[in-house]
Amino acid sequence: MNDSSSHVVVNHHADHPGFSGVVGAVCALLFVATGRANAELAVRSAPLGAADHVVDVGCGPGTAARMAARLGARVTGVDPSAQMLRVGRLVTRGRARENVTWRLGTAEDIPVGDASATAVWALATVHHWQDVNKALRQAHRVLAPGGRLVAIERQVVAGATGFASHGWTREQADAFAALCRGAGFDHAEVSARPRGRKAVWLVSASKH
């Protein structure tokens, strides 16, 4: 990777207005129906159990949070949209309801304690972060030694517009991995993973 990759804009939709009101509620229900593939991939990236605390940054209505909770992990779902969190609470039942805590917050100000998480997930959200470097410092802060950061973004082509641009090119995925290393993470790796009929980039980084 050349040095220029670290200057590629990976949060290219940071000006997104967010999700609120009726539109936010509709989007939240849509995400409940469509977010399972990323959640399954995140779960497969590392085994989870009762000793784990997963912080899901940009959790939306909580599909991935519920999946982790059903495996016994304690989960903190963080999202800047109160509407997303409201829908998440409403659709969460059983064991998952007991294991998930919902917190209003952002990637740049994660509302959990230092070194308290074993995993931080960002599933199709990094391209919306306001400040990637600040958010990565926060992820590093909340992870305990040995903890892992997992970011998933769908693969897109350079020059795409509209919804088709919501994701990463290979260059953007590599740039994010470089930013992870710059924030103090070790072994930041990029891999292409299948997700149904489409593919995604998975960036995994660890804290030691």
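**Exercise 1. A surface residue of helix α4**

Is Val-91 buried, partly exposed or exposed?

Solution. The structure is a predicted model. Step one locates the residue: Val-91 belongs to helix α4, residues 82-91. Step two takes the accessibility: the relative value of 33% places Val-91 in the partly exposed class, since that class lies between the limits of 20% and 50%. Step three looks at the surroundings: Val-91 joins Val-32 and Leu-90 in a nonpolar surface patch of about 220 Å².

The same helix, α4, also holds Gln-83. Because its relative accessibility is 15%, Gln-83 counts as buried. Leaving out residues up to four places away in sequence, Gln-83 touches Phe-19, Ser-20, Gly-21, Gly-24 and Ala-25.

**Exercise 2. Aromatic pairs**

Determine how many aromatic pairs the model contains, and classify each by its geometry.

Solution. The description of such a pair rests on the distance of the ring centres and the angle of the planes. The count comes to two aromatic pairs.

- Step one: Trp-129 and Phe-176 have ring centres 6.3 Å apart and planes at 70°, an edge-to-face pair. The angle decides the class, because planes over 60 degrees apart count as edge-to-face.
- Step two: this pair links distant parts of the chain, with Trp-129 in the loop between β4 (117-123) and α6 (132-142) and Phe-176 in helix α7 (residues 170-182), 47 residues apart.
- Step three: Trp-168 and Phe-176 stand 5.1 Å apart, centre to centre, with 35° between the planes, and this pair is tilted.
- Step four: the ring pairs join Trp-129, Trp-168 and Phe-176 into a cluster.

Burial completes the picture. Trp-129 is buried at 7% relative accessibility, Phe-176 is buried at 0%, and Trp-168 is buried at 0%.

A charge-over-ring arrangement is found elsewhere: the charged end of Arg-154 sits over the ring of Phe-163, 4.2 Å from the ring centre.

**Exercise 3. Salt bridges**

List the salt bridges that a search of the whole structure finds, and state where the partners lie.

Solution. Side chains of opposite charge can pair when their charged atoms come close. The search finds three salt bridges.

- Step one: Glu-40 and Arg-36 meet through their side chains at 2.9 Å, N to O. These two residues are separated by about one helical turn, because they are four residues apart in helix α2. Glu-40 is partly exposed at 29% relative accessible area, and Arg-36 is partly exposed at 46%.
- Step two: Arg-141 pairs with Asp-114, with the closest N and O atoms 2.6 Å apart. This bridge links distant parts of the chain, from Arg-141 in helix α6 to Asp-114 in the loop between β3 (100-104) and β4, 27 residues apart. Arg-141 is partly exposed at 23%, whereas Asp-114 is exposed at 56%.
- Step three: the side chains of Asp-174 and Arg-170 meet at 3.1 Å, N to O. Both residues lie in helix α7, four residues apart, about one turn of the helix. Asp-174 is buried at 17%, while Arg-170 is partly exposed at 40%.

**Exercise 4. Covered helices**

Establish how many residues of helix α3 are buried, and identify what Ala-96 contacts.

Solution. Step one: seven of the eight residues of α3 (residues 63-70) are buried, and the helix is mostly covered. Among them are Arg-66, Met-67 and Ala-69. Step two: Ala-96 lies in helix α5, residues 94-99, and is buried at a relative accessible area of 1%. Neighbours within four places aside, Ala-96 is in contact with Arg-66, Ala-69 and Arg-70. The C-alpha atoms of Ala-96 and Arg-70 are 5.4 Å apart, although 26 residues separate the two in sequence.

Step three turns to helix α2 (residues 36-44), whose buried residues are Asn-38, Ala-39, Leu-41, Ala-42 and Val-43. Their cover includes α3, β4, β5, β6 and β7.

**Exercise 5. Positive phi**

Which phi values do Ala-124, His-187 and Gly-72 adopt?

Solution. Step one: Ala-124, in the loop between β4 and α6, has a positive phi near 60° and is partly exposed at 32%. Step two: His-187, in strand β6, has a positive phi near 55° and is exposed at 56%. Step three: Gly-72, which follows α3, has a positive phi near 105°.

Methods: Residues are numbered from 1 along each chain as its sequence is written. This is a predicted model: local features need pLDDT of at least 70, side-chain atom pairs count only at pLDDT 80 or more; totals for chains, interfaces and linings use all residues. Side-chain values use heavy atoms; hydrogens and water are left out. Rings of Phe, Tyr and Trp (its six-membered ring) pair if their centres lie within 6.5 Å; planes under 30 degrees apart count as stacked, over 60 as edge-to-face and the rest as tilted. Buried means under 20% relative accessible area, exposed over 50%, partly exposed in between (1.4 Å probe, protein chains only). A charge sits over a ring if NZ of Lys or CZ of Arg is within 6 Å of the ring centre and within 35 degrees of the ring normal. Contact means heavy atoms within 4.5 Å. Patches are made of residues with over 30% relative accessible area and no salt bridge: like charges are joined within 9 Å, nonpolar side chains (Val, Leu, Ile, Met, Phe, Trp, Tyr) within 5 Å. Accessible areas come from the Shrake-Rupley method with a 1.4 Å probe; for residues, only the protein chains shown count as cover. A salt bridge is a side-chain nitrogen of Lys or Arg within 4 Å of a carboxyl oxygen of Asp or Glu.
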